[in-house]
Amino acid sequence: MTPENVMDLAHSTLLVTSMIAAPLLLVALITGLVIGMLQAATQINESTLSFIPKLLFLVLTLFAAGPWILRVLVDFTHDLYANIPNVVG
């Protein structure tokens with residue numbers, strides 16, 4: 001295995017991981033910021049008030065982005081299997 005193959009594989013893996021995690025992390029961040037601002041404005045410090053909307057939005061995002069995430073993972077896995085001869089040889 002050459003260093004170039006290792007770097008290409010590592011780069012692809014990090015790129016796919018970032019692509020998969022980005023939608024969920026961005027929705028959690030935006031939801032947390034909005035709920036935090038509402039809690040600060042109303043001075044309500046209830047922990048479930050931030051947890052339930054975040055969970056709801058994450059589930060909705062997973063339903064919306066799930067097929068795309070699955071397609072990215074399937075394509076990446078297909079590329080990994082197709083490149084086994086290049087990596088080993």
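## Buried and exposed residues

A residue is called buried when its relative accessible area is under 20%, and exposed when that value is over 50%. In this predicted model, glutamine 39 has a relative accessibility of 14%, so this residue counts as buried. Glutamine 39 has its place in helix 1, and, once neighbours within four places in sequence are left aside, it is in contact with Ile44, Glu46, Leu49 and Ser50.

Glutamine 43 offers an example of the opposite label, because its relative accessibility is 69% and it therefore counts as exposed. This residue is found in the loop between helix 1 and helix 2, and glutamine 43 has a positive phi of about 55 degrees although it is not a glycine.

## Confidence in the model

Averaged over the protein chain, the pLDDT is 89, and 96% of the residues score at least 70. Among the elements of the chain, the highest mean pLDDT, 92, belongs to helix 2, while the lowest, 79, belongs to helix 3. Where pLDDT is low, the predicted coordinates should not be read in detail.

## The largest nonpolar core

Six residues make up the largest nonpolar core, namely Val16, Ile20, Ala65, Ile69, Val72 and Phe76. The elements that give two or more residues to this core are helix 1 and helix 2, and helix 2 gives the most, with four residues.

Valine 72, one of the core residues, lies in helix 2 and counts as buried because its relative accessibility is 10%, where the cut-off is under 20%. Not counting residues up to four places away in sequence, valine 72 touches Val16, Met19 and Ile20, and of these contacts Val16 and Ile20 are also listed in the core. The C-alpha atoms of valine 72 and threonine 17 are separated by 9.7 Å, although these two residues are 55 residues apart along the chain. Phenylalanine 76, another member of the core, is in contact with Ser12, Thr13 and Val16 when its neighbours within four places in sequence are left aside.

## Another buried residue in helix 2

Threonine 61 is also found in helix 2, and with a relative accessible area of 14% it is buried, because buried means under 20%. If residues up to four places away in sequence are not counted, threonine 61 touches Pro23, Leu24, Val27 and Gly66.

## The largest pocket

The largest pocket has a volume of about 240 Å³. Helix 1 (3-42), helix 2 (47-82) and helix 3 (84-88) are the elements that give two or more residues to the lining of this pocket, and the element that gives the most is helix 1, with five residues. Since helix 3 has the lowest mean pLDDT among the elements of the chain, a careful reader may wish to keep this value in mind when looking at the lining.

The lining is formed by Asn5, Asp8, Leu9, Ser12, Val16, Phe76, Asp79, Leu80, Asn83, Asn86 and Val87. Sorted by character, the lining residues divide into five nonpolar, four polar and two charged. Val16 and Phe76 appear in this lining and are also listed in the largest nonpolar core, and Ser12, which is in contact with phenylalanine 76, belongs to the lining as well.

Definitions and conventions
Residues are numbered from 1 along each chain as its sequence is written. This is a predicted model: local features need pLDDT of at least 70, side-chain atom pairs count only at pLDDT 80 or more; totals for chains, interfaces and linings use all residues. Side-chain values use heavy atoms; hydrogens and water are left out. On a 1 Å grid over the protein atoms alone, a cavity is a set of points where a 1.4 Å probe fits but cannot get out, and a pocket is an open set with protein on both sides within 12 Å along at least five of seven lines; lining residues have an atom within 4 Å of a point. Grid points are joined across faces, edges and corners, and a volume is the space filled by probe spheres set on the points. Ala, Val, Leu, Ile, Met, Phe, Trp, Tyr, Cys and Pro count as nonpolar, Asp, Glu, Lys and Arg as charged, and the others, Gly among them, as polar. A nonpolar core is a set of buried Ala, Val, Leu, Ile, Met, Phe, Trp, Tyr and Cys residues joined through side-chain atoms within 4.5 Å. Buried means under 20% relative accessible area, exposed over 50%, partly exposed in between (1.4 Å probe, protein chains only). Contact means heavy atoms within 4.5 Å. pLDDT is the predictor's confidence in each residue, from 0 to 100.
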